[in-house]
Amino acid sequence: MNITEIAIKNNRVTYILLLIVLVIGLASYGDLPRDSMPPFTIRVVSIVTNFPGASPERIESLVTDKIEKVAQEIPQIKNITSTSRTGVSIVKVALKEDVPKDELQPIWDRLRRKVDGITGFPSGVTKPNVKDEGIGDVFGIFLAFKSDGFSYSEIKDYAEDLRNKIILLDDAAKVELGGVIDETIFVDFDEAELAKHGLSSSKLKGIINSHNIINSAGQVNLGKERIILEPSGNFETVNDIENILVPVGNSGETVALSNISNVYRDYISPRKSIAKLNGHDALFLYISLKDEANIIKLGQEVDELLVQYNKSLPVGLEAIRTSSQDYYVESSVNNFVSNVLQSLLIVLVVMFVFLGFRTGIVVAILIPTTIITTFLLMSYFVIGLNKVSLAALIMALGMLVDNAIVIAESYMVRLERGDTKTDAAIATGKELMVPLLISTLTTSAAFLSFYLSESVMGEMMGQLFSVITLALLSSWVVALAIVPLFAMVLIKVKKEKKQSVFDKWNIYYNKLIIASLKKPFLVILTVVILFIVSLFGFGYLPVIFMPDSDRSLVTMDINLPLGSRIETTEQNVTLVEQFIQDSLQVNKHRPRGIINWSSFIGVGPNAYDLGYMPEEQNSGYAHLLINTTSNKDNNLVMDKLDRFCFNNLHDANVVVKKLGTSGGSTIPIEIRLSGDDPEKLFTISGQIKKRLNSMRGTKNVDDNWGPKIKKFYVKIHQSKLSRSGLTNNDIAISLNTVLSGFRVGEYRENENTFPIEMRAKGSSQISYDNIESLTIFSQNSGKSMPLGQVASIIPEWQFAKILRRDLQRTITVESQIESDVTAVAIINEISPWLQEQSKNWPVGYTYEFGGDSESRSEAVGAVIAKLPISFFIIVLLLIIQFNSVRKTTIILSTIPFGLIGLVGGLLLAQSYFSFTAFLGLISLAGIIINNAIVLIDRIELEQSHHGHTPYKAIIQAANERFRPILLTTFTTSFGMLPLWFGGGDMWRPMAIGIIFGLFFATVITLLFVPVMYKIFYRVQIIEN
């Protein structure tokens, strides 16, 4: 089948199909999903279990260990990490990255069944909660209510009303409230007062519980019907709780609950979490996006809704945007679209300059046609617009014009030989259809390893393969079907051909190729030496796996020692907020700095990025989202905040950083130590922290266990206790009742449910000095006496938390790094010291690197593991094309030499080697192979079709392919310039690598391939 012949003979159908594709493709562009980066699957689930009052050691042995052991029975497990801290066990189960997304839920269900089947938990342990709902949900739009003089309940009513309106938007998936203050029905009592009536707190709890249980009263017959009987008894109002009749004494007397306790509705105190906007209490709404939807469109819908909704709000209350991913995505996509348009313009200019106006138009027609066709195919395969897919389009731009250039060149050659336009076009299509398809597929195959790699980076970067493949295949079809049609109309053969710049360069190249063929081993030796030098130079390149996000956002984590009061954490946050207001907030005198910020104390906000996951509630934790004037001002803000926190927040571990790029590590330096004895782990980690602190470029060095914290051990004197008539249970219940209270039921009001909590009067004011004077009541006899008479309070130190990894106790030393230092440099510096130190550690104590080092090895390793598949496909395609092992070997031998220019370019530009630079290296391999295929195919053609000797065929083919190969180099390299200067830290190394690598590789290809062909086929030099 000759595509060109079919297109020409049915040219009207071809034009109509082209018009339809262009119209539908343009329409598809507007409907494509838009996001910052391609989504990836989170394969981690948390299992949270509460055991109130238990120490970390008891939590570890009685709860965490049991859960970990059943979790490890899941064969797809990658690793299990756990945190055991006072009163709570958190086990995180991570699956291998090759587990398909559609298999996750069955695995989580199996895990839940295994966890539910655990027996032997102590009394008081709550049912383990497997949190597999909403994994990977990103709430990309944050709203907040700022108010002046409104009560919290009033604000919440408006917030819930707005939530109900937002959830109706087409692209909104979930809308959740943040900063909610929980309301509770309190029943405050006095044990001494209860004892006067012959009651205890346990008895009162049972009485309240029994009044709030609704049981079915059955059904009765009424004629032909069965009618349900519903008894009263459910609490309808707080007065119903106050009016509960409590039996007292032995004569059947009763007293209202309100007469022996204080029943009221109030907000929980102290609060479990606090949310603020610009230093003031606020209520937040978190909005997530539906799958495959457009976050920019959702943002526009939210903005329109806010304008109308704010008009209906009373004066002093306003709903505003805070942290919004859609603004960043819109800016990012617009910038990349601008880069695509700039690349397109550059490629078109190159075409017109080097090919002339008519030929330039013919080749240029292919570019927008191919891009629009690619948009249509992206819509069909549900590939959205993001940094990766748009970067793929830019990469494809330079490569896809190669097909059109080769078609146009061959067509003009045939016209010059006297063929008619139709014959020249059809013959050109027939001759080049298979070679161009093979070269297209080999270029595409070079990216296949990214698509197949089983890693987070593979999921993200896999779109490169998809988009480039779609673009190149579209280019192949358009080049064969459309370009010849327009060439027949526009291209004319001039009798007197004007010498072009390529003709002038060709003269020098012809001399160079003849000289190279005379001294082939000198050429090969030179190339090999350059390759060895590039390998040596690679060692001087800084290595950064994934740069931080270029979003104008800074995050701050404040961690106080576990057990810190939330009021203390709030005081530290207030200090930071005051500093921001005084020194960093934008005003008319300060144009650069912080626009606004949000503070979340006690628990972080919902996930606002795939790189962030909120932890469990912790009163000593705070997370700040700080919006800056520009990503260029992030470092300015971070430096000032770092200095202030270092000088003023002495008890806190503060980490100020940029948002990490999805798929990269949020902590650049991690050294994990594993062993049995926590004390020895602490000693070793202390040595490592000391070493890291002494190194240049490290900051915020700490470990993830934190310092030890105090606890008070209640030592009960059993002899005194037995004489008092009290029991251990009386002490536990009395202390828990006084200090913590307990839940006795629920109160329902419309769709809301509020807990009912009993607590002793004045419990929130009790301090350490009052503990021994607390009264212990017998739950049976009503006897009482001070705690100090039957027990002693002994202060002790305990681990704040115990962390394990794969069932081993593991402490992780963490460090952030300065902006002028790389994680690789720090790891390389500390590795020899660690190896030497580990020789002195006790048996069974080991270390490994996490953080950036682990992320890099996993991502690159996953790609390298799939490279043999790409290599096999390329070899197979080359064998199909040439049916020759020698030709295939020649082509494959050119692949490594792309490294020469890449290393040299990165060193000259003072850039670094990153994952995207590695991607550029793979891209270079595909382009080099493509050029080599075109060149060797022409050598074969010169011998078989034109009867040239092998030597003459090499020279003729090299000269024939000089212009197309050079044009491909120019278009691809110049098309990368917008990514170099506008692609940000993420794409700049790739663009630099491709630009310099391709120029060097082109020179090498144009000389090395002919020389290798001469050697492999023992071609004799014939002067004339």
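The following exercises, each with a worked solution, concern a predicted model.

**Exercise 1. The six-stranded sheet**

Determine the strand order of the open sheet of six strands, and state which strands stand at its edges.

Solution. Step one is to read the order, which is β14-β13-β18-β19-β17-β20, with antiparallel pairing. Step two is to look for strands with a single partner: β14 (280-281) and β20 (653-658) each have one, so one side of each is left without a neighbour in the sheet. Step three examines one pairing within the sheet. Strand β13 (residues 274-277) is joined to β18 (residues 594-601) by four bridges in the antiparallel sense, and Leu-277 has Ser-598 of β18 as its bridge partner.

**Exercise 2. Helices across the sheet**

Identify which strands are crossed by helix α20 and which by helix α21.

Solution. Helix α20 (residues 566-584) lies across β13, β17, β18 and β19, and its direction is at about 180° to β18. Helix α21 (residues 634-648) lies across β17, β18, β19 and β20, and its direction is at about 175° to β20.

**Exercise 3. Salt bridges that reach the sheet**

Find the salt-bridge partner of Lys-276 and that of Asp-557, and describe the setting of each pair.

Solution. The side chain of Lys-276 forms a salt bridge with that of Glu-570, at 3.1 Å from N to O. This pair links distant parts of the chain, for Lys-276 belongs to strand β13 and Glu-570 to helix α20, 294 residues apart. Lys-276 is buried, at 6% relative accessible area, whereas Glu-570 is partly exposed, at 23%.

The side chain of Asp-557 meets that of Lys-657 at 3.3 Å, N to O. Asp-557 lies in strand β17 and Lys-657 in strand β20, so this salt bridge ties together parts that are 100 residues apart in sequence. Buried means under 20% relative accessible area; Asp-557, at 13%, therefore counts as buried, and Lys-657, at 16%, is buried as well.

**Exercise 4. A buried charge**

Establish whether Glu-301 is buried or exposed, and which side chain of opposite charge is nearest.

Solution. Glu-301 is placed in helix α10 (residues 295-312). Glu-301 is buried, and the nearest side chain of opposite charge is that of Lys-297, 4.3 Å away. A salt bridge requires a nitrogen-to-oxygen distance within 4 Å, and Glu-301 has no salt bridge. Apart from neighbours within four places in sequence, Glu-301 is in contact with Leu-169, Asp-170 and Asp-171.

**Exercise 5. Strand β30 and its partners**

Describe how far strand β30 is covered, and how β21, β22 and β29 pair with β30.

Solution. Strand β30 (residues 808-817) is mostly covered, with eight of its ten residues buried. Strand β21 (residues 669-674) runs antiparallel to β30 and is joined to it by six bridges; here Glu-670 stands opposite Glu-814. Strand β22 (residues 698-703) pairs with β30 over four bridges, also in the antiparallel sense, and Asp-702 stands opposite Glu-814. Strand β29 (residues 801-805) pairs with β30 in the antiparallel sense over two bridges, with Arg-804 opposite Arg-809. The hairpin of β29 and β30 has two residues between the strands, and Asp-806 takes a positive phi near 50° there.

**Exercise 6. One side of a helix**

List the buried residues of helix α7 and locate them around its axis.

Solution. In helix α7 (residues 201-210), the buried residues are Ser-201, Leu-204, Ile-207 and Ile-208. Their arc around the axis is only 120°, which puts them on the same side of α7.

Technical notes: Residues are numbered from 1 along each chain as its sequence is written. This is a predicted model: local features need pLDDT of at least 70, side-chain atom pairs count only at pLDDT 80 or more; totals for chains, interfaces and linings use all residues. Side-chain values use heavy atoms; hydrogens and water are left out. Two strands pair if DSSP finds at least two bridges between them. Contact means heavy atoms within 4.5 Å. Axes are lines fitted to C-alpha atoms, for helices over the stretch in contact, and angles run from 0 to 180 degrees between N-to-C directions. Buried means under 20% relative accessible area, exposed over 50%, partly exposed in between (1.4 Å probe, protein chains only). Lys and Arg count as positive and Asp and Glu as negative; His and the chain ends are not counted. The arc is that of the directions from the helix axis to the C-beta atoms.
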